[in-house]
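This report describes one protein model for a reader who is new to structural analysis. Please consult the sequence and the structure shown here while reading.

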Amino acid sequence: MSTPDLLLWLRAHSTLWLDTVMGVTTYLGSDYFYLAALSFLYWCVDSLGTMRLFVLFLSSFYLGDAVKEITRLPRPFQVHPEIEPRFAETAEGFAFPSGHALQATVFWGWLAISFRKRWLYIAAPILALLIGFSRLYLGLHWPRDVLAGLVIGLAILGFAYVLMRVLASMPIRAHFPATLVFCLLPLLLFLLFPSHGGAQSMGALFGAILGQLLERQYIHFRVRGPAWQQLLKALIGLAGAFLLFFGLRALFDPLLPSREVIQVTPGTPAPAFRGFLYGRGYESLTFVCYALVGLWATLVAPALFRLFFGREEE
């Protein structure tokens with residue numbers, strides 16, 4: 001059975017309830033889910049540990065999008081119109097590798113490594129594989145895309161694990177305000193490769209790093225607390241995050257051309273380097289939007305929590 005035949009077979013055997021289940025599964029790999037999950041972990045579980053996951057996850061997002069922009073391979077429904085996709089709004093940009101599979105592998109894999117809970121060791125590969133399969137079932141990716149996403153995600157996890165152990169053994173420690181220089185790296189990476197995904201990931205990382213450094217220096221919000229406090233933190237923080245996210249998008253969208261104007265048709269060759277003028281600089285607004293959301297998550301919301309619930313105990 002050829003790859004198109006496999007995808008056609010999956011679509012031919014689809015049902016309404018299975019479409020719904022696979023749609024919900026694929027949304028577990030969406031921006032909205034990761035914004036909520038990372039924010040909750042930062043506010044209510046472990047701010048320092050979650051900051052490491054912020055850096056790792058957003059860096060993997062950037063790397064995956066860079067590979068997409070370099071390879072520029074089309075999605076199944078763009079090559080075979082007879083493949084009718086479902087939840088196509090979750091399929092921006094090019095096909096290879098599957099960002100959903102890559103990011104699910106990194107996110108759930110690092111949670112398992114960090115918390116070392118048996119249920120996470122079991123859940124992490126199951127969720128990554130289910131999210132990857134949902135992309136096939138919905139007709140949004142080729143098998144090679146999903147497989148590449150899983151493999152690249154595992155490689156990133158292995159590299160990050162070794163790097164963290166090496167850094168932990170180093171005696172050198174940077175102090176504020178010298179640590180603010182770390183904010184320059186996401187900005188430089190965005191200028192190097194200012195794609196839409198690059199603006200999203202590096203903008204969020206810039207804001208998250210800047211906010212975390214300022215919060216650790218001046219605010220020191222309380223992470224742990226009684227259940228009612230954690231619930232209020234989640235409600236207040238997520239309401240603010242999504243209001244800011246959708247509000248900024250509504251503000252900036254009229255200033256942007258359609259994505260078709262910025263992106264090249266799938267399958268056309270891409271230059272090795274495009275520089276800041278790629279997309280005529282429009283993605284700078286995307287960078288600012290996601291930077292403000294990152295800043296909310298690690299600085300503004302924690303400042304509100306400090307005001308309402310007090311500072312962390314010494």
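## Confidence in the model

The model is predicted, and its confidence varies along the chain. In the protein, confidence is highest in helix 6 (residues 99-115), with a mean of 92, and lowest in helix 12 (residues 259-262), with a mean of 41. The mean pLDDT of the protein is 81, and 84% of the residues reach 70 or more.

Residues 258-278 call for caution, since pLDDT stays under 50 over this stretch. The model nevertheless has 40 contacts for these residues beyond four places in sequence.

## Overall architecture

The protein has 13 helices and 0 strands. Read from the N terminus on, every element in the series is therefore marked α.

The protein contains 314 residues, and buried residues make up 47% of them. Among contacts with a separation of 6 or more, 83% are between residues 24 or more positions apart.

## Helix 11 and its surroundings

Helix 11 comprises residues 227-252, which is 26 residues. The distance from its first C-alpha to its last is 37 Å, close to the 38 Å expected at 1.5 Å a residue. Its buried residues include Gln 229, Lys 233, Gly 237, Ala 241, Phe 245 and Phe 252. What covers the buried residues of this helix includes helix 3 and helix 13 (283-309).

Ala 36 gives a view of helix 3, as it is found in that helix, which spans residues 31-44. Leaving aside neighbours within four places in sequence, Ala 36 is in contact with Leu 238 and Phe 242. The C-alpha atoms of Ala 36 and Ala 241 are separated by 8.4 Å, although these residues are 205 residues apart along the chain. A general property of helices helps in reading such lists: an α-helix has 3.6 residues a turn, so residues three or four places apart point the same way.

## Lys 68 and the cis peptide bond

Lys 68 belongs to helix 4, which covers residues 47-71. Which side chain of opposite charge is nearest to Lys 68? It is that of Asp 65, at 6.5 Å. Lys 68 is buried yet has no salt bridge. The distance to Asp 65 is 6.5 Å, whereas a salt bridge requires the nitrogen and oxygen atoms to be within 4 Å.

A polar atom of the Lys 68 side chain does lie 2.9 Å from the backbone oxygen of Pro 97. Not counting residues up to four places away in sequence, Lys 68 touches several residues, among them Phe 94, Phe 96, Pro 97 and His 141. Pro 97 is placed in the loop between helix 5 and helix 6. A cis peptide bond joins Phe 96 and Pro 97, with omega at about -5°.

## The salt bridges

Side chains of opposite charge can pair when their charged atoms come close. How many salt bridges does the structure hold? The structure holds 3 salt bridges.

One of them joins the side chains of Glu 69 and Arg 72, at 3.3 Å from N to O. Glu 69 is buried, with a relative accessible area of 3%, and Arg 72 is buried, with a relative accessible area of 2%. In another, Asp 145 pairs with Arg 144, and the closest N and O atoms are 3.2 Å apart. Asp 145 has a relative accessible area of 0% and is buried, while Arg 144, with 39%, is partly exposed. Glu 215 also forms a salt bridge with Arg 216, where the closest N and O atoms are 2.8 Å apart. Glu 215 counts as buried at 0% relative accessibility, and Arg 216 counts as partly exposed at 28%.

## Two residues with positive phi

Arg 72 lies in the loop between helix 4 and helix 5 (76-79). Its phi is near 50°, a positive value in a residue other than glycine. Besides the salt bridge with Glu 69, the side chain of Arg 72 reaches the backbone oxygen of Glu 69 at 3.1 Å.

His 220 also has a positive phi, of about 60°, although it is not a glycine. His 220 is situated in the loop between helix 10 (196-218) and helix 11. Is His 220 buried or exposed? His 220 is buried, with a relative accessible area of 18%. This value falls under the 20% limit, so His 220 counts as buried.

Conventions:
Residues are numbered from 1 along each chain as its sequence is written. This is a predicted model: local features need pLDDT of at least 70, side-chain atom pairs count only at pLDDT 80 or more; totals for chains, interfaces and linings use all residues. Side-chain values use heavy atoms; hydrogens and water are left out. Helices (H or I, at least four residues) and strands (E, at least two) are DSSP runs, numbered from the N terminus. Buried means under 20% relative accessible area, exposed over 50%, partly exposed in between (1.4 Å probe, protein chains only). Lys and Arg count as positive and Asp and Glu as negative; His and the chain ends are not counted. A polar contact is a pair of N or O atoms within 3.5 Å; within protein, one must be able to donate a hydrogen and the other to accept it, and residues adjacent in sequence count only if both atoms are side-chain atoms. Contact means heavy atoms within 4.5 Å. pLDDT is the predictor's confidence in each residue, from 0 to 100. The expected span of a helix is 1.5 Å times one less than its number of residues.
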